[in-house]
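Work through the exercises below with the sequence and the 3D view open beside you. Try each task on your own before you read its solution.

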Amino acid sequence: MKIGIMTFWWSNDNYGQLLQCYALQKYLRDAGHDAYLIRYEASIDKKTPLYLRLIKSLNLNRLVRYMKFHMYRKNLNKENSLRHFDDFRNKYIQQSEVLYTTYNQLKDNPPQADCCIVGSDQVWNFSWISKVKNHPVVHAYMLDFGTESTKRMSYAASWSVHSLSRKLIDEIKPLLQKFSYVSVREENGIELCRQCGYESAELVCDPTFLLEADVYRTLYQSENVQKQEQKYLFLYMLNNQCDFDIQKVYGFAADRQLKVVYVTGNGVLDKREKCFATIPEWLSLVDNAEYVVTNSFHCCVFSSLFGKKFGVVKLKGKYAGMNTRMESLFNQLEIASLWLQEDFSVLDKEYKPNPVKISQRFLELLNATH
């Protein structure tokens, strides 16, 4: 079966984003399907029109903010170039030749596929959208393109919110009815699907769990990644609001005579010494760490896959709704919550993850004759 995958894929500093994309595609291709990534650049569809940006630039305060943001992006791009994400994408991920820059292009010239799968990651997190009616990003990630005979499925799609507005529910409801299979990554996602008129959504683990740990080890072993000479704590932080003092991690590590290997993602810029790891290097850093501290969902996934001692930093403010991802992960693995506390004792907590099972409904639909 020819399968097009709609997911997030364009980041140059979010390791989990690329690895979940890689995992679902590899699993499907290993099962004999012709699976590939549909390159849809969602950020272009939501770009502010040029005339509005020009009007805003006439305001002095906005102009100053723009210049600061320009310098931030310049410095960030310089750091991200050291991670070589494009090399990983081009080597390990089959991609559509077409780069779809708008939803209309998807609709008018849809990718060739017997089946389209949306997920994983926060593909259904539309919380940033104020006017949802006919919004191109909503319709793109609800697979509102292709023919009537195209199968539509979601795999571990994440809403990453507690609730949906009535306007968003009304917009999504007719689109979700076209799906032959829906699975979500968080427990509350099942209820959100019900609110959108889909009663039989399944809870599944993130697609990174579809592959064994040794598959990921092969990625860094085949690249001859060198291990750290000194024992270390791996600190991986995304640019999401947290009420957390990173310096305490350095104190914890020093007490145990460990160095700290610090990697950031999603646009973090600070003055601490960092490691700009490639994706294979990042996997090696997680796998060989004594401890892992993170606020990243996927870093928690790989910590559990590799059997590491880890602690999770809670998000706050507008990002607090994303904590449901972690709670669902703990429940699916049947382990106690590993939220990082003031005394860091959670880092020495022993746990034994429950083996992840693959949805039989999903497998049956994949194997059915189109």
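The exercises that follow concern a predicted model, and each one has a worked solution.

**Exercise 1. Describe how helix α1 (residues 15-30) and helix α5 (residues 85-92) are placed against each other, and which residues meet.**

Solution. Begin with the two axes, which come within 11 Å and cross at roughly 5°. Angles under 35 degrees count as roughly parallel, and therefore α1 is roughly parallel to α5. Next, look for the residues that meet: on the α1 side they are Tyr15, Leu18, Leu19, Tyr22 and Gln25, while α5 contributes Phe85, Phe88, Arg89 and Tyr92. Finally, sort the residues of this contact by character, which gives seven nonpolar, one polar and one charged.

**Exercise 2. Work out the order of the strands in the five-stranded open sheet, and find which strands lie at its edges.**

Solution. Reading across the sheet, the order is β3-β2-β1-β4-β5, and the pairing is parallel. The edge strands are then β3 (95-100) and β5 (151-154), each of which pairs on one side only. On average, and with direction ignored, neighbouring strands of this sheet are turned by 25° against each other. To see one pairing in detail, take β4 (residues 115-118), which runs parallel to β5 and is joined to that strand by four bridges; Val118, for instance, has Ser154 in β5 as its bridge partner.

**Exercise 3. Determine which strands are crossed by α1 and which by helix α15 (residues 360-367).**

Solution. Start with α1, which lies across β1 (2-6), β2 (34-40) and β4, and runs at about 150° to β2. Then turn to α15, which lies across β1, β4 and β5, with an angle of about 155° to β5.

**Exercise 4. Decide whether Ser158 and Thr208 are buried or exposed, and describe the surroundings of each residue.**

Solution. First locate Ser158, which sits in the loop between β5 and α8 (166-176). Its relative accessibility is 0%, so Ser158 counts as buried. When neighbours within four places in sequence are left aside, the contacts of Ser158 include Asp121, Trp124, Arg185, Glu186 and Arg325.

Thr208 is found in the loop between β7 (202-203) and α10 (213-222). Thr208 is likewise buried, because its relative accessible area is 0%. The side chain of Thr208 is joined to that of Asp206 by a polar contact of 2.5 Å. Not counting residues up to four places away in sequence, Thr208 touches several others, among them Leu19, Gln20, Ala23, Tyr216 and His298.

Terms used:
Residues numbered from 1 in each chain as written. Predicted model: local features only at pLDDT ≥ 70, side-chain atom pairs only at ≥ 80, totals over all residues. Heavy atoms only, no water. Axes fitted to C-alpha atoms, helices over the stretch in contact; angles between N-to-C directions. Helix = DSSP H or I, 4+ residues; strand = E, 2+ residues; numbered from the N terminus. Parallel < 35°, antiparallel > 145°, perpendicular 65-115°, else oblique. Contact = heavy atoms within 4.5 Å. Nonpolar A, V, L, I, M, F, W, Y, C, P; charged D, E, K, R; others polar. Pairing = 2+ DSSP bridges. Buried < 20%, exposed > 50% of the residue type's maximum accessible area, 1.4 Å probe, protein only. Polar contact = N/O pair within 3.5 Å; in protein donor to acceptor, adjacent residues only side chain to side chain.
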